[in-house]
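User: I'm new to this one and would like a close look at a single part. Could you walk me through the surroundings of the ligand, and then what lies behind them?

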Amino acid sequence: EIPEQQWAQVVEKKGGPVVFKQIPVQKPGPDEVLINVKYSGVCHTDLHAMKGDWPLDTKLPLVGGHEGAGVVVAKGELVTEVEVGDYAGIKWLNGSCLACSFCMQADEPLCPHALLSGYTVDGSFQQYAIAKAAHVAKIPKECDLEAIAPVLCAGITVYKGLKESGARPGQWVAIVGAGGGLGSMAIQYANAMGLHAIAIDGGEEKGKSCRELGAKAYVDFTTSKDLVADVKAATPEGLGPHAVILLAVSEKPFHQAVDYVRPRGTIICIGLPAGAYFKAPVFDTVIRMITIKGSYVGNRADTQEALDFFARGLIKVPLKTVGLSKLQEVYDLMEEGKIAGRYVVDTSK
Ligand code: 8ID
Ligand code: ZN
Ligand code: ZN
């Protein structure tokens with residue numbers, strides 16, 4: 001009993017707003033599954049997509065969303081990896097060709113034919129969404145779909161970023177934008193991986209939530225008189241963190257990271273502020289042997305590893321859940337930087 005029509009949030013023109021309306025339910029192709037999305041996390045990427053912030057066009061009209069947790073309700077004839085009734089997740093990488101040199105090396109986010117949920121194909125801000133079976137996240141039956149939804153982008157992305165940083169258990173990592181959706185997850189993954197997290201964000205509410213999530217220190221960028229000195233002071237011998245995970249949606253903190261990262265340290269760029277450039281002094285980068293890298297979501301193995309941390313009970317990020325009909329209000333709060341942690345939308349409301 002899959003309905004013909006369903007509720008969705010649709011971006012009809014660049015800049016938005018989202019329009020809550022009924023649209024047809026699609027049928028899965030031979031290598032695709034149809035997922036009844038129960039909950040979907042709201043990532044800042046969804047807001048960037050609606051605003052047209054990046055040098056890559058979205059489809060229009062567009063159903064956003066790429067942290068969709070739900071139940072498989074139909075599948076194409078070639079699909080063998082999941083069954084109807086299984087829990088599954090729609091993530092940013094909706095599909096990839098599986099045949100190019102990047103896919104062959106498990107770098108499928110770099111696939112030139114990648115399909116992006118809620119960007120180049122419709123995503124999870126609807127009750128029924130399509131994904132390539134090869135790429136859906138396999139969610140264990142014992143997991144809570146509401147709580148696991150934000151793992152499907154935020155969790156995977158920060159877990160991959162921490163891996164890319166090369167930081168080892170016992171070392172220190174600065175998380176910039178720690179009070180946001182990705183940042184809250186990053187504190188928890190860092191702890192689970194045996195790292196010491198220093199949280200950087202703005203305001204008392206985010207500070208409180210970062211500490212509750214297990215950050216060893218909080219530096220408030222809105223009140224700190226010398227952010228570089230404060231971050232270094234929070235690390236042993238004042239040498240600075242071994243890694244910096246940049247999640248902020250603003251350019252300035254990217255430049256500051258070079259000044260406080262420990263010599264031989266690694267800076268991981270993940271946040272995607274519109275039109276931003278990364279500028280670093282060549283002299284410092286050379287003589288302090290600093291590594292600067294980008295990190296983009298994760299591959300299928302990273303996905304299952306990130307979900308496994310959650311399934312083991314190691315990742316507990318407080319959520320705020322509202323009906324799918326309230327998505328625009330979530331975007332408004334996000335635009336103002338007022339969200340501590342992650343919002344999740346319930347597609348039944
Ligand atoms: O694969 C990827 N690279 C990937 C995956 C998913 C998301 C990248 N992203 C990108 C998003 O597109 C977005 O640009 O990561 C960024 C963060 O996404 P989010 O966590 O969903 O956004 P949020 O919840 O709004 O959190 C952003 C935080 O940054 C803080 C804000 O206060 C907020 O808590 N922040 C800002 I804006 N300026 C800051 C500063 N100067 C800052 N924190 C510290 N210092
Ligand atoms: Zn995302
Ligand atoms: Zn490919």
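Analyst: Let's start right at ligand 1: in this predicted model, 33 residues sit around ligand 1, and H44, G177, G180, L182 and A248 come nearest. As for the elements involved, α1 (44–51), α5, β12 (196–201) and α8 (252–260) each give at least two residues to that shell. By character, the shell splits into 16 nonpolar, 14 polar and 3 charged residues. Both domains take part: domain 1 (5–153 + 298–346) and domain 2 (155–294) each contribute at least three residues to the shell.

Now for the nonpolar core. The largest one has 102 residues, and the members touching the most others are V173, I175, V176, A186, I198, I245 and L246. Helix α5 (residues 181–192) provides the largest share of this core, 6 residues, and α5 also helps line the shell around ligand 1. Like the shell, the core draws at least three residues from each of domain 1 and domain 2. In soluble globular proteins, nonpolar side chains tend to be buried together.

Pick out L246 for a closer peek. Leaving aside residues up to four places away in sequence, L246 touches V176, P253, F254, A257, I267, I268, C269, I270 and G271. One of those, V176, is also among the core members with the most contacts to other members.

To zoom out, UniProt (an unreviewed entry) puts the feature "domain: Enoyl reductase (ER)" at residues 15–345. Over that stretch the chain is 28% helix and 24% strand, with the end C-alpha atoms 21 Å apart.

Key. Residues are numbered from 1 along each chain as its sequence is written. Chains are lettered from A and ligands numbered from 1 in the order in which they are written. This is a predicted model: local features need pLDDT of at least 70, side-chain atom pairs count only at pLDDT 80 or more; totals for chains, interfaces and linings use all residues. A nonpolar core is a set of buried Ala, Val, Leu, Ile, Met, Phe, Trp, Tyr and Cys residues joined through C-beta atoms within 7 Å. A residue is buried if 20 or more other C-beta atoms lie within 10 Å of its own, exposed if 12 or fewer, and partly exposed in between; C-beta atoms are placed from the backbone. Helices (H or I, at least four residues) and strands (E, at least two) are DSSP runs, numbered from the N terminus. Domain bounds come from an automatic or database domain assignment. Two residues are in contact if their C-beta atoms, placed from the backbone, lie within 7 Å. UniProt positions are given in the numbering used here, feature names are shortened, and annotations may be inferred rather than shown by experiment. A residue is near a molecule or strand if its C-beta atom, placed from the backbone, lies within 6 Å of it. Ala, Val, Leu, Ile, Met, Phe, Trp, Tyr, Cys and Pro count as nonpolar, Asp, Glu, Lys and Arg as charged, and the others, Gly among them, as polar.
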